[in-house]
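Subject: Structure handover

Hello,

Here is the structure I promised to pass on. Please open it alongside this email; my notes follow below.

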Amino acid sequence: MVQGRGCADLVLVNMAAVLCLMVLAGHVHAATYTVGGSGGWTLNVDSWPKGKRFKAGDTLVFTYDPTIHNVVAVNRGGYSSCITPAGARVYKSGNDQIKLSKGQNFFICNVAGHCESGMKIAINAA
């Protein structure tokens, strides 16, 4: 019986190891993107996402001068109208790291005139 118990323990250890590997594999494929590339989060960045494939869990890094810009996570209406909805999350560190959720993700700068000047992005994460 002792021998049978050892086999059962070994099976459980192997199953736990496989589960851990599966969880880790999901995190290995996440990518990090600097919004706007070397120019960072600035005016006329709205076309930056074109041609890129984003996945849920990828990280966007917004680099900017926090004395003149910010990043606001908004809904589709806020993105289209350049108006910050009540309760929207406002980032203002100048080096914000935001993980993408599955589906549509919208970000704007809500400093007067900036969103209207293309300081906004819409990203669909698979």
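A definition to start: helices and strands here are DSSP runs, numbered from the N terminus, and two strands pair if DSSP finds at least two bridges between them. Please keep in mind that this is a predicted model.

Overall layout

The protein chain holds two helices and seven strands. Along the sequence the pattern reads α-β-β-β-α-β-β-β-β. Of its 126 residues, 32% count as buried. Among contacts with a separation of 6 or more, 70% come from residues 24 or more positions apart.

The three-strand sheet

One open sheet has three strands in the order β1-β2-β5, with mixed pairing. Its edge strands are β1 and β5 (95-99), and each pairs on one side only. On average, neighbouring strands of this sheet are turned by 20 degrees against each other, direction ignored.

β2 and β5 run antiparallel to each other and share five bridges. Two places are easy to find. Leu 60 stands opposite Ile 98 in β5. Phe 62 has Asp 96 of β5 as its bridge partner.

Now look along β5 itself. In a regular strand the side chains alternate between the two faces of the sheet. β5 shows this alternation. Asp 96 and Ile 98 point to one face and are buried. Asn 95, Gln 97 and Lys 99 point to the other face and are not buried. The β5 partners of Leu 60 and Phe 62 named above, Ile 98 and Asp 96, are thus on the buried face.

Thr 63

Thr 63 is found in β2, which covers residues 59-63. Is Thr 63 buried or exposed? Neither label fits: Thr 63 is partly exposed, because its relative accessible area of 30% falls between the 20% and 50% limits. Leaving out residues up to four places away in sequence, Thr 63 touches Thr 34, Gly 40, Trp 41, Gly 94 and Asn 95. Take Gly 40 from that list. Gly 40 and Thr 63 are 23 residues apart along the chain, yet their C-alpha atoms are separated by 5.2 Å.

Asp 58

Asp 58 lies in the loop between β1 (32-34) and β2. This residue deserves a look. Asp 58 is buried yet has no salt bridge. Which side chain of opposite charge is nearest to Asp 58? That is Lys 55, at 6.7 Å. A salt bridge needs a side-chain nitrogen of Lys or Arg within 4 Å of a carboxyl oxygen, so this pair does not qualify.

What does the side chain of Asp 58 have instead? Two backbone nitrogens. The backbone nitrogen of Ala 31 lies 2.8 Å from a polar atom of the Asp 58 side chain. The backbone nitrogen of Lys 55 also lies 2.8 Å from a polar atom of that side chain. Lys 55 therefore appears twice in this account, once through its side chain and once through its backbone, with the 4 Å cut-off applying to the former.

Beyond four places in sequence, Asp 58 is in contact with His 29, Ala 30, Ala 31, Tyr 33, Arg 53, Ile 98, Lys 99 and Leu 100. Among them, Ile 98 and Lys 99 belong to β5.

The four-strand sheet

The other open sheet has four strands in the order β4-β3-β6-β7, with antiparallel pairing. β4 (89-91) and β7 (120-125) stand at the edges. Each has a single partner strand, so one side of each is left without a neighbour in the sheet. Neighbouring strands here are turned by 25 degrees against each other on average, direction ignored.

β3 (residues 71-74) and β4 run antiparallel and are joined by three bridges. Val 71 has Tyr 91 of β4 as its bridge partner.

Two positive phi values

Most residues other than glycine have a negative phi. Two residues to check here are Asn 44 and Cys 82.

Asn 44 has a positive phi, near 60 degrees. Asn 44 sits in the loop between β1 and β2. Asn 44 is exposed, because its relative accessible area of 59% is over 50%.

Cys 82 has a positive phi of about 60 degrees. Cys 82 lies in the loop between α2 (76-81) and β4. Cys 82 is buried, because its relative accessible area of 15% is under 20%.

Best wishes

Conventions:
Residues are numbered from 1 along each chain as its sequence is written. This is a predicted model: local features need pLDDT of at least 70, side-chain atom pairs count only at pLDDT 80 or more; totals for chains, interfaces and linings use all residues. Side-chain values use heavy atoms; hydrogens and water are left out. Buried means under 20% relative accessible area, exposed over 50%, partly exposed in between (1.4 Å probe, protein chains only). Contact means heavy atoms within 4.5 Å. Lys and Arg count as positive and Asp and Glu as negative; His and the chain ends are not counted. A polar contact is a pair of N or O atoms within 3.5 Å; within protein, one must be able to donate a hydrogen and the other to accept it, and residues adjacent in sequence count only if both atoms are side-chain atoms. Axes are lines fitted to C-alpha atoms, for helices over the stretch in contact, and angles run from 0 to 180 degrees between N-to-C directions.
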